[in-house]
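Reader: Could you take me on a close look at one part of this model? I would enjoy a connected walk through it, with the cut-offs spelled out.

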Amino acid sequence: MINSMRHLGYSTYSAIKDILDNSNDAEATWVKCYIQKDSRGEFTYTIADNGVGMDWHTLDEALKLGSETERNIVSDLGKFGMGLVTASLSIGKRVEVITKQTDGPILHSIQDVDEVIRQDKFVKFLQEADEQAQLQFNKMLAGEDSGTIVRLTHCDHISNKDMRSFTTKLRREIGQTYRFFLSSGQIKMFVNDEEIIPIDPLMLEEGSEIQSDEQYTIKFTDEHGTEHSDTIRVRVVLLPDYGQEGNKNRGINIPNQGIYLLRNYREIAEGEMLGLMTKHNDLNRVRAEVFFPATLDEMLGVDFTKQRPEPKQAALDKLREVLVPQFKNLTKRIKSQRVKVEDIDVPHDEAARLIGQKAHLLAKPKLQAENRKPPTHKAREHTEDHGSTKTRKNFKNTQNKPVSLPCRFEAASMTVAGPIWDAEPEGKTLVITWNVDHPFYQRFILDNKDNPSMVSATDFLVYSLAAAELVYRPDDNEEIYEDRCAMMENIRSTVSSNMRQLLS
């Protein structure tokens, strides 16, 4: 069992943050993480804080799988009292805790996986600290009346063995996960003596535009059939646009777009879509924070690792109601602000004309139906009644009007990382926008702009793919709308990504 507990899916970063949760709950004003690597390549992780510390009973419970210590569900970051054990085991075989409360003795406890296996019992070492443990406590918590040291050794489950990149990423993860705690000034955090600065993925201090910041009530029934209601807060922002290179350097990209979930103000998920929308280049600057109390853990699908939450349907329905319309509106707004590219040297008109000629032979999307208004009095004056036959005097003018084609090609800059094409209906016309930055456009359109047949054939391919997306996109009121849209968007994204790699 203890070996299976070592494979719960923690990353090294998430395990360390789970231990840091205990420091926050212990009302520490500082917490220091030390990552050390010896000449044999062995890692040691040490987390020290000046929190309230633990007495004998609390320490005895702390190294059990599921402790009986009381927790404040309103504010505590821990869950089920399992974090210290499971997080520690996921990194190394041996966890050592040295702790002291104000006016209390220094206590020392060790749990060693190899010893548990050797004795085939859940055993641990627990006693008042010996001289060596006391020296270690006094060295790391000099001048403090209370605090706790957690030391992990025999570390055989390491996510990243490169010290420099590991510590850099750990600082970034801690800074983002605990940004509200760090910004409050109530606690300071350090990694190898370098202070952590808060990182705000919504860039509120950099000029992000807040679209909404509201509270909403979620009602649910627990496993005992009791009805409850609680409140979530949802904030949606549009990040500043720093241009292609600036956005890339600031991580304004597909992996970071989407929803950030914060439990008791501690981030537990970043850049999620939760099946509500599909990640798309047009959403790179769109981000949302969802704040919820630990009382909604069951509804938001939070387990004791505080990773990969899986919200239940009632929570998803509320989030869909709040977020999807805002995400769609922002997507339209961003698309309208795209830099259109003059593409007059590329003969796309021929492809649009041929598609129009064969429109009745093609499987095509249902676009907006034509809405003809009844003729006005002035229009009637242009007809003469000759018994049962009416002659239209404006027939020639009607025939000379430009023909509305079912397809139109445009070009826009959507960055190298963007999709090959985008497509949106505009009335009865399907507007296909080529991404001039994508290698596919460079190789198959620009390099062949003097070969109309090649350009038209490529236009036909993309028109067919774009039309297929809309053919299989259900009406807005269908329950499967979001899932099917997500599937089609994912196909386009995968095609664009693969072609980008193959042609670069």
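Author: Happily; here is a look at a hairpin, followed by a helix and a single arginine.

This is a predicted model, in which local features need pLDDT of at least 70, side-chain atom pairs count only at pLDDT 80 or more, and totals for chains, interfaces and linings use all residues. Residues are numbered from 1 along each chain as its sequence is written, and side-chain values use heavy atoms, with hydrogens and water left out.

Let us start with the hairpin. Strand β11 covers residues 258-263 and runs antiparallel to β12, with four bridges joining them; strands here are DSSP runs of E with at least two residues, helices are runs of H or I with at least four, and both are numbered from the N terminus. Two strands pair if DSSP finds at least two bridges between them. One of the bridge partners is E272 in β12, which faces I259. Two residues sit between the strands, and N264 in this hairpin takes a positive phi near 50 degrees. Five of the seven residues of β12 (266-272) are buried, meaning under 20% relative accessible area, with exposed over 50% and partly exposed in between (1.4 Å probe, protein chains only).

Now to R333, which belongs to helix α10, residues 313-336. With a relative accessible area of 29%, R333 is partly exposed. Beyond its neighbours within four places in sequence, R333 is in contact with E209, Q211 and L238, where contact means heavy atoms within 4.5 Å. D282 is 51 residues from R333 in sequence, and their C-alpha atoms are 9.5 Å apart.
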